[in-house]
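Reader: Can you walk me through this one? I'm new to reading structures.

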Amino acid sequence: MERESIDEIGLHDIWNVVVKRGKLIIGVFLISILCVTALSLLMPKIYRGKVMLVLTPGTLTPRELISITGKLDVITLKHILPKTHQLVNDIKLEPIEDSDNKFFVVITAKNTGEIPEVVSEFIQYANNIPFIKDHIEQEKERRLKESEELSRSIESSVQMLKTYEMLLKEGKIAGVIVSPVESYKRISDLKIEKTNVEQAIRNLKGVEAVGDLAISERPVAPDTKKNIAVTSVIAIFAGISLAFFKEYIDKSRAGRKI
């Protein structure tokens, strides 16, 4: 019974202090909310852009690329993005699970129009990494040789077909030994294959974007609602603590006067 009465008295005293110092608690709460809201509105708005990049197989894995770039601090960004580093608030490389050649680049900036430019410069930087650049040059050289061989095969096939048709007209060949239809089809197939190889050479890149660049329509920072919510909780506790502190000071002064 004695313990219960002590608890009841304690809660009653706490409630009396809260009621007595209600204006102080409310004042601390309102001032804190107004200050945080004003600061949130005055702070520059930050937007986020996210795009998936793919590395050509045989070059690097995303984790290897991340280890090469290192921590993307201010100094590193100046090296990686000499033209656009001042436009970036932050940039992160995020590997994709179960993928050995795809990763996300996440960029935060003050202006949505600057994000595509940053992505473009980062891709340019990645494509100029020596290991990736050398691999692409070797692959390009291999495919150029393949294209040259196809060109020679096409030229040879066309020449053989012309010679065969000429000999056939002159009667120097009896009967149809080679089907002209099959010969034309083979030449057509070779030309298509050569076109595909040439297109592959033009599109040959070490790193390229996959899909569209997604840019947030609304700013991701500052998060005004979250800031107000957190501040509200802190302000209430701060106001109550200040109320008890003031109550303690007033009682101390009153005791001294007595």
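Author: We'll take the sheet, then the helices, then two single residues. This is a predicted model, where local features need pLDDT of at least 70, side-chain atom pairs count only at pLDDT 80 or more, and totals for chains, interfaces and linings use all residues. Residues are numbered from 1 along each chain as its sequence is written, and side-chain values use heavy atoms, with hydrogens and water left out.

Reader: OK, the sheet. What is the strand order in the open sheet?

Author: The order is 2-3-1-4, with four strands and antiparallel pairing. Strands here are DSSP runs of E, at least two residues long; helices are runs of H or I, at least four long; both are numbered from the N terminus. Two strands pair if DSSP finds at least two bridges between them.

Reader: Which strands are at the edges?

Author: Strand 2 (88-95) and strand 4 (207-215). Each pairs on one side only. On average, neighbouring strands of this sheet are turned by 20 degrees against each other, direction ignored.

Reader: What holds strands together in general?

Author: Strands of a sheet pair through backbone hydrogen bonds, either parallel or antiparallel.

Reader: How many bridges join strand 2 to strand 3?

Author: Seven, and the two run antiparallel. L93 has V105 in strand 3 as its bridge partner. D90 is partnered with T108.

Reader: What connects those two strands?

Author: Strand 2 and strand 3 form a hairpin, with six residues between them. D98 sits in the turn and has a positive phi of about 65 degrees.

Reader: And strand 1, how many bridges join it to strand 3?

Author: Eight, again antiparallel. V51 has V105 as its bridge partner in strand 3, and G49 has I107. Six bridges join strand 1 to strand 4, where M52 is partnered with V210.

Reader: Is strand 3 mostly covered or exposed?

Author: Mostly covered: six of its eight residues are buried. Buried means under 20% relative accessible area, exposed over 50%, and partly exposed in between (1.4 Å probe, protein chains only).

Reader: Switching to helices. Which strands does helix 5 touch?

Author: Helix 5 (residues 115-127) packs on the sheet and touches strand 1, strand 2, strand 3 and strand 4. Its direction makes about 165 degrees with that of strand 4. Axes are lines fitted to C-alpha atoms, for helices over the stretch in contact, and angles run from 0 to 180 degrees between N-to-C directions.

Reader: How do helix 6 and helix 7 cross?

Author: The axes of helix 6 (residues 130-169) and helix 7 (residues 180-202) cross at roughly 160 degrees and come within 9 Å. So the two are roughly antiparallel. That label needs over 145 degrees; under 35 is roughly parallel, 65 to 115 roughly perpendicular, and the rest oblique.

Reader: Now single residues. Is S40 buried or exposed?

Author: S40 is buried, because its relative accessible area is 3%. S40 lies in helix 2 (residues 22-42). Leaving aside neighbours within four places in sequence, S40 is in contact (heavy atoms within 4.5 Å) with P222, T224 and N227.

Reader: What about P57, buried or exposed?

Author: P57 counts as exposed because its relative accessibility is 63%. P57 lies in the loop between strand 1 and helix 3.

Reader: What does P57 contact, leaving aside its neighbours within four places in sequence?

Author: N101 and H135. Also, the C-alpha atoms of P57 and V207 are separated by 9.9 Å, though the two are 150 residues apart along the chain.
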